[in-house]
Amino acid sequence: MSIEVKGVSKRFGDFVALDDVNVSIPSGQLTALLGPSGGGKSTLLRIIAGLESADAGSIVIEGVESTNLPAQKRNVGFVFQHYAAFKHMSVAKNVAFGLEIRKRPKADVARRVEELLELVHLSQFAHRLPAQLSGGQRQRMALARALAVEPTVLLLDEPFGALDAKVRKELRDWLRRLHDEVHVTTVFVTHDQEEALEVSDEIVVINEGRVEQIGTPDQLYDEPANEFVMGFLGEVTVLDNVRLRPHDIEVMVAPGDPLSTPGTVKRLLRVGFEVRITVATAQGDVTVLLTRTNVRQLGLEVGQQVWLAPAAGAHTAPVPVAG
């Protein structure tokens, strides 16, 4: 394993940020720390980086006991949400900074900077200042600067959080391609479920300072360990006292399955290529997601009677009984 987090706890006054966290992060993988704001994911990342100290537990990076090592001796690259660029330096100088303070030969620095700027598609902007770049370009510069010193581990704290949705999507795709090229062990913090599901090899779900589940995106989405994970990784609705995803519901315009639930279409809302349907049943409103093509084929209209049933292979969970 590249990173071993064993029994890590951290408090800030009376607030428990991390409570006996144990995580093993494999070498060469892209791992997401996913959870709600204040759940502890950024605190864990900063402890791995050496920017915060744990109250208890240990951190081992590539077999090296790193719990008490200062950040500069852990050989990790860290990328902050807001880039932390040197505003008075050119893009090339920003990327070169870590190498220059390590007193690398000038020829080696120049070669490495050229390679990295080409890798992140910023070669033509080498002499610009950070303020002359777009948000997405500044984030790529920050990643190049972190990679310059050839870190053992690359840590990203909400790397795309300050960007608009379109640029976030572009950078997610780019980060996945970059990781597949450089194969550095990468850990990134996000509260964006789609981002984690789309980009990562493995997801660690953290909530209220505890690890709820660790697994691949498919494992977490299809086999959530508990109610929190199921609800946090995607929308959930209730049909006949079971919880399931809105896209895992089959809609019929004539009674078929004898166990299907009758209802009336209450609302049709188009969201891009999907249609969000609210169906009123005797137990309450049920949300269903279909494609526009499905809706047209079924001829669905507001006020129409329909029958609902879980689709074949759908993951369902019983509605928890209020205690």
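This report walks through a few helices, two strand residues and some unusual backbone angles in a predicted model.

## Helix α4

Let's start with α4, which covers residues 135-148. With 14 residues at 1.5 Å a residue, the helix should span 20 Å, and its end C-alpha atoms are indeed 20 Å apart, so expectation and model agree.

What about its surroundings? Of the 14 residues in α4, 13 are buried, so the helix is largely enclosed by the rest of the structure. A residue is called buried here when its relative accessible area is under 20%. Following α4 comes E150, and its phi is positive, near 50°.

## How α2 packs on α4

Two packed helices are described by the angle between their axes and the distance between the axes. For α2 and α4, the axes come within 7 Å and cross at roughly 25°. That angle is under 35 degrees, so α2 counts as roughly parallel to α4. The crossing of this pair is right-handed.

Which residues do the touching? On the α2 side they are V91, N94, V95 and L99, and they meet M141, A144, R145 and A148 of α4.

## How α2 packs on α3

Helix α2 (residues 91-101) also packs against helix α3 (residues 106-119), this time at an angle of about 130° and with the axes 9 Å apart. That makes the α2 and α3 pair oblique, and their crossing is right-handed.

The contact surface draws on V91, A92, V95, A96, L99 and E100 from α2, which meet V109, R112, V113, L116 and L117 from α3. Notice that V91, V95 and L99 turn up here and also in the list of α2 residues that meet α4.

## Positive phi at K103 and N75

Most residues other than glycine have a negative phi. Against that background, a couple of loop residues are worth a look. K103 isn't a glycine, yet its phi is positive at about 60°. You'll find K103 in the loop between α2 and α3, where it is exposed, with a relative accessible area of 74%.

N75 is another non-glycine with a positive phi, near 55°. Its home is the loop between β5 (64-65) and β6 (76-79). Is N75 buried, exposed or partly exposed? At 34% relative accessibility, N75 counts as partly exposed.

## T281 in strand β15

Over to the strands. T281 sits in β15, which runs over residues 274-281. Its relative accessibility is 14%, so T281 counts as buried. The T281 side chain reaches the backbone oxygen of G284 at 2.7 Å.

Which residues does T281 touch once neighbours within four places in sequence are left aside? The list is T261, P262, G263, V286 and L308.

## V238 in strand β11

V238 belongs to β11, a strand covering residues 237-239. With a relative accessible area of 37%, V238 is partly exposed. Leaving aside neighbours within four places in sequence, V238 is in contact with R243, D285, V286 and V319. V286 is a contact of V238 and also appears among the contacts of T281.

How far is V238 from L298, 60 residues apart along the chain? The C-alpha atoms of the two are separated by 22 Å.

How values were computed
Residues are numbered from 1 along each chain as its sequence is written. This is a predicted model: local features need pLDDT of at least 70, side-chain atom pairs count only at pLDDT 80 or more; totals for chains, interfaces and linings use all residues. Side-chain values use heavy atoms; hydrogens and water are left out. Helices (H or I, at least four residues) and strands (E, at least two) are DSSP runs, numbered from the N terminus. Buried means under 20% relative accessible area, exposed over 50%, partly exposed in between (1.4 Å probe, protein chains only). A polar contact is a pair of N or O atoms within 3.5 Å; within protein, one must be able to donate a hydrogen and the other to accept it, and residues adjacent in sequence count only if both atoms are side-chain atoms. Contact means heavy atoms within 4.5 Å. The expected span of a helix is 1.5 Å times one less than its number of residues. Axes are lines fitted to C-alpha atoms, for helices over the stretch in contact, and angles run from 0 to 180 degrees between N-to-C directions. Angles under 35 degrees count as roughly parallel, over 145 as roughly antiparallel, 65 to 115 as roughly perpendicular and the rest as oblique. A crossing is left-handed if the near helix is turned anticlockwise from the far one by less than a right angle, and right-handed if clockwise.
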